[in-house]
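Work through the exercises below with the sequence and the 3D view at hand. Each task is followed by a solution in steps.

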Amino acid sequence: AGGKGRELYAAYQARLKELNACDFGDLLLENLRLFLEHPDVLADYQRRFRFILVDEYQDTNVAQYLWLRLLAQRARTIEDGVRPMGPTPPISTNICCVGDDDQSIYGWRGAEVDNILRFDKDFPGAKVIRLERNYRSTGHILAAASHLIAHNKSRLGKTLRTEDQPGEKVAVSSVWDDEEEARQIGEQIEALGQAGHRLNEIAILVRASFQMRVLEDRFITLGLPYRVIGGPRFYERQEI
């Protein structure tokens, strides 16, 4: 914006105030301001939320963390008559946070993985329980995943294990782009079919539905019948 970012942001915030409106960031920041400037309002919410459970704690940002610190101080400050002293960590017995430091992938939108890494220091007396038994994957899949995430720089560390079978080994394949990937998958399915496997024994898992487009195009070219689970086929969408 040619160096006008600060000026534009100030004008944007002023316009929001004129309209008595909030954007998503304001919902976090203005509540922090409310809690900090009006202790009676904070005390009311501390009384209201006697126990706090936070899921996906690795994805919380700074503002959400500060919310939590303020709300969780109730354990000592209200019941024992102890006034909070600035940034001193609250000793809380009313908070449970669930998360996985190895799944912190939203740093680009403000998530702070340090929130989960320093949890036991922020809330003295907190008990850390590692959930290391995996009920979903086979041994070889877990071994491959563990070897990969061991290279993460900021992590508490854990050893994933399963009582399931080792299973087949993981095959890693490199492709140039999604079209090459679709061609390779199509060839593998055709080879499995020639080996006697039925199509309803074969499934493709994708991270996001938009990845299906190029696969569907390939299957149509090959004349492979297919079903999309959890949504319509690309060419059955009304807008298409």
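**Exercise 1.** Find the residues that form a negative surface patch, then place Asp177 and classify its exposure.

*Solution.* Step 1: In this predicted model, the negative patch on the surface consists of Asp177, Asp178, Glu179 and Glu181. Step 2: Asp177 sits in the loop that runs between α8 (139–149) and α9 (178–194). Step 3: The relative accessible area of Asp177 is 33%. Partly exposed covers values between the buried limit of 20% and the exposed limit of 50%, so Asp177 is partly exposed.

**Exercise 2.** Which residues make a nonpolar surface patch, and where is Ile141?

*Solution.* Step 1: Ile141, Val170 and Val172 make a nonpolar patch of about 290 Å² on the surface. Step 2: Of these residues, Ile141 belongs to helix α8. Step 3: Ile141 has 40% relative accessibility, so it is counted as partly exposed.

**Exercise 3.** Determine how many disulfides the structure holds, and examine Cys97.

*Solution.* Step 1: Searching the whole structure gives zero disulfides. Step 2: For Cys97, the nearest cysteine sulfur belongs to Cys96 and is 6.8 Å away. Step 3: A disulfide needs two cysteine sulfur atoms within 2.5 Å, and therefore Cys97 is in no disulfide. Step 4: As for exposure, Cys22 has a relative accessibility of 47% and counts as partly exposed.

**Exercise 4.** Describe the phi angle, the place and the exposure of Asn20 and of Glu56.

*Solution.* Step 1: Asn20 is not a glycine, yet its phi is positive, at about 55 degrees. Step 2: Asn20 is in the loop between α1 (5–18) and α2 (24–37). Step 3: With 74% relative accessibility, Asn20 is classed as exposed, because the cut-off for exposed is over 50%. Step 4: Glu56, also not a glycine, has a positive phi of about 50 degrees. Step 5: The loop between β1 (52–54) and α4 (62–72) contains Glu56. Step 6: Glu56 has a relative accessible area of 41%, so the class is partly exposed.

**Exercise 5.** Is Leu28 buried or exposed, and how many residues separate Leu28 from Trp67 in sequence?

*Solution.* Step 1: Leu28 is part of helix α2. Step 2: Its relative accessible area is 12%. Buried means under 20%, so Leu28 is buried. Step 3: In sequence, Leu28 and Trp67 are 39 residues apart. Step 4: In space, their C-alpha atoms are 8.1 Å apart.

Technical notes. Residues are numbered from 1 along each chain as its sequence is written. This is a predicted model: local features need pLDDT of at least 70, side-chain atom pairs count only at pLDDT 80 or more; totals for chains, interfaces and linings use all residues. Side-chain values use heavy atoms; hydrogens and water are left out. Patches are made of residues with over 30% relative accessible area and no salt bridge: like charges are joined within 9 Å, nonpolar side chains (Val, Leu, Ile, Met, Phe, Trp, Tyr) within 5 Å. Accessible areas come from the Shrake-Rupley method with a 1.4 Å probe; for residues, only the protein chains shown count as cover. A salt bridge is a side-chain nitrogen of Lys or Arg within 4 Å of a carboxyl oxygen of Asp or Glu. Lys and Arg count as positive and Asp and Glu as negative; His and the chain ends are not counted. The place of a charge is taken as NZ of Lys, CZ of Arg, CG of Asp or CD of Glu. Helices (H or I, at least four residues) and strands (E, at least two) are DSSP runs, numbered from the N terminus. Buried means under 20% relative accessible area, exposed over 50%, partly exposed in between (1.4 Å probe, protein chains only).
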